[in-house]
Amino acid sequence: MKAVKFDGHGDLDVLEVRKVDDPIAGPGGVVVRVKAATINPGDIKVITGKSAHWGELTFPSGVGASFAGTVDAVGDGVTDWAVGDEVYGWSARKEALAELVSVPAEHLVAKPADLSWEVAGTLYGAPSAAWSAVQAVGAGPGDTIVVSAAAGGAGGFASQFARTKGATVIGLASEHNHEWLRSRGIIPVQYGEGQLERIRDAAPGGVDAFVDTFGGGYIDLAVELGVDVDRINTIVDFAGAARLGVKTKGSDSPADPRGALAEIAAAIADGSIELPIARTYPLEQVREAYEELGKRHTRGKIVLLP
């Protein structure tokens with residue numbers, strides 16, 4: 001099969017699409033033929049060696065956690081899945097960017113028939129992290145919540161999910177994303193210089209919680225807005241979180257990943273949340289996909305189609 005691999009940290013040119021041995025379904029395991037897999041900004045930090053969040057890598061390393069596809073083989077003891085089942089899930093070993101991936105059976109969820117492969121392939125990473133972040137800040141009726149990068153892969157989900165909880169949501173985003181935010185019931189505010197005053201103008205009663213999906217000092221902004229540190233959550237700025245004592249829920253995975261994934265899929269299926277697909281790439285264009293992601297101006301998710 002073909003898979004994305006890299007032999008050591010470096011720029012994106014370390015990524016290669018190679019032919020490697022097909023994985024096997026060991027006891028309790030399942031091999032999935034990947035239809036779609038997503039990429040995340042955190043991947044770039046891992047590839048370049050600028051993040052220790054995932055711990056030490058064993059090289060050659062794969063890339064990617066979230067995927068969707070069809071069951072290709074099942075190992076001994078697996079009774080929940082059969083060849084041909086449509087599933088989505090995650091690879092804890094970060095090997096999702098491949099034609100085939102082997103995972104424990106409990107890392108899979110049945111794909112709803114009306115959920116596209118592209119959307120199903122994105123659900124474990126940014127959406128599940130955003131789901132946990134919104135839960136962590138206790139979003140609810142009467143709250144005013146600010147979300148950074150509110151139209152991005154994680155922020156777009158977090159801002160919409162907070163709305164489903166009954167909160168008033170202020171979304172920081174570039175102007176070309178404002179109409180989309182308005183269409184989802186979110187108050188758009190231009191990010192950048194002067195955003196503190198613009199947020200205060202949009203929330204005359206103050207801000208109750210802040211979800212940071214971008215990093216770069218947004219949790220400091222939240223503190224300046226008077227938000228209690230217990231109601232600030234970042235899925236990106238781990239150094240800042242340690243300095244200020246704010247939460248980092250969702251930066252790894254939800255406590256109940258399968259339950260979170262099922263709830264996320266249901267919210268998308270019933271139309272209460274939209275998960276935009278910014279662009280798709282073939283597996284062979286993995287470097288170009290990450291280069292596009294690295295610009296951090298896409299609305300929604302970038303997906304690879306093996």
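This short talk walks through one helix, its packing partner, and a few single residues elsewhere in the chain.

Before I start, please keep in mind that what we are looking at is a predicted model, and that residue numbers count from 1 along the chain as its sequence is written.

Let me begin with helix α3, which spans residues 126-136. This helix is mostly covered, with 10 of its 11 residues buried, and the buried ones are A126, P127, S128, A129, A130, W131, S132, A133, V134 and A136. What lies over them? The cover includes α4, β11 (209-212), β12 (232-234), α9 (257-269) and β14 (301-305).

Of these covering elements I would like to take α4, residues 155-164, which packs against α3 at an angle of about 40°, the two axes being 8 Å apart. Angles under 35 degrees would count as roughly parallel and those from 65 to 115 as roughly perpendicular, and α3 and α4 are therefore oblique to each other. Their crossing is right-handed. On the α3 side the contact is made by P127, A130, W131, V134 and Q135, and on the α4 side by F157, A158, F161 and A162. If we sort the residues of this contact by character, we find 8 nonpolar, 1 polar and no charged.

Staying in α3, I would point you to S128, which counts as buried because its relative accessibility is 2%, and the cut-off for buried is under 20%. The side chain of S128 reaches the backbone oxygen of G125 at 3.1 Å, and, leaving aside neighbours within four places in sequence, S128 is in contact with L123, P254, L261 and I264. Just after the helix ends, G138 takes a positive phi of about 70°.

Now to two residues outside this helix, one buried and one exposed. T70 sits in strand β4, residues 66-74, and with a relative accessible area of 18% T70 is buried, since the limit is under 20%. Again leaving aside neighbours within four places in sequence, T70 is in contact with V31, V32, R33, K35, G84, D85, E86 and W117.

K50, by contrast, is found in the loop between α1 (41-48) and β4. At 71% relative accessibility K50 counts as exposed, because exposed means over 50%. If you are tracing the chain on the screen, you may like to find K50 and G10 together: these residues are 40 apart in sequence, while their C-alpha atoms are 9.5 Å apart in space.

Notes: This is a predicted model: local features need pLDDT of at least 70, side-chain atom pairs count only at pLDDT 80 or more; totals for chains, interfaces and linings use all residues. Side-chain values use heavy atoms; hydrogens and water are left out. Axes are lines fitted to C-alpha atoms, for helices over the stretch in contact, and angles run from 0 to 180 degrees between N-to-C directions. Helices (H or I, at least four residues) and strands (E, at least two) are DSSP runs, numbered from the N terminus. Angles under 35 degrees count as roughly parallel, over 145 as roughly antiparallel, 65 to 115 as roughly perpendicular and the rest as oblique. A crossing is left-handed if the near helix is turned anticlockwise from the far one by less than a right angle, and right-handed if clockwise. Contact means heavy atoms within 4.5 Å. Ala, Val, Leu, Ile, Met, Phe, Trp, Tyr, Cys and Pro count as nonpolar, Asp, Glu, Lys and Arg as charged, and the others, Gly among them, as polar. Buried means under 20% relative accessible area, exposed over 50%, partly exposed in between (1.4 Å probe, protein chains only). A polar contact is a pair of N or O atoms within 3.5 Å; within protein, one must be able to donate a hydrogen and the other to accept it, and residues adjacent in sequence count only if both atoms are side-chain atoms.
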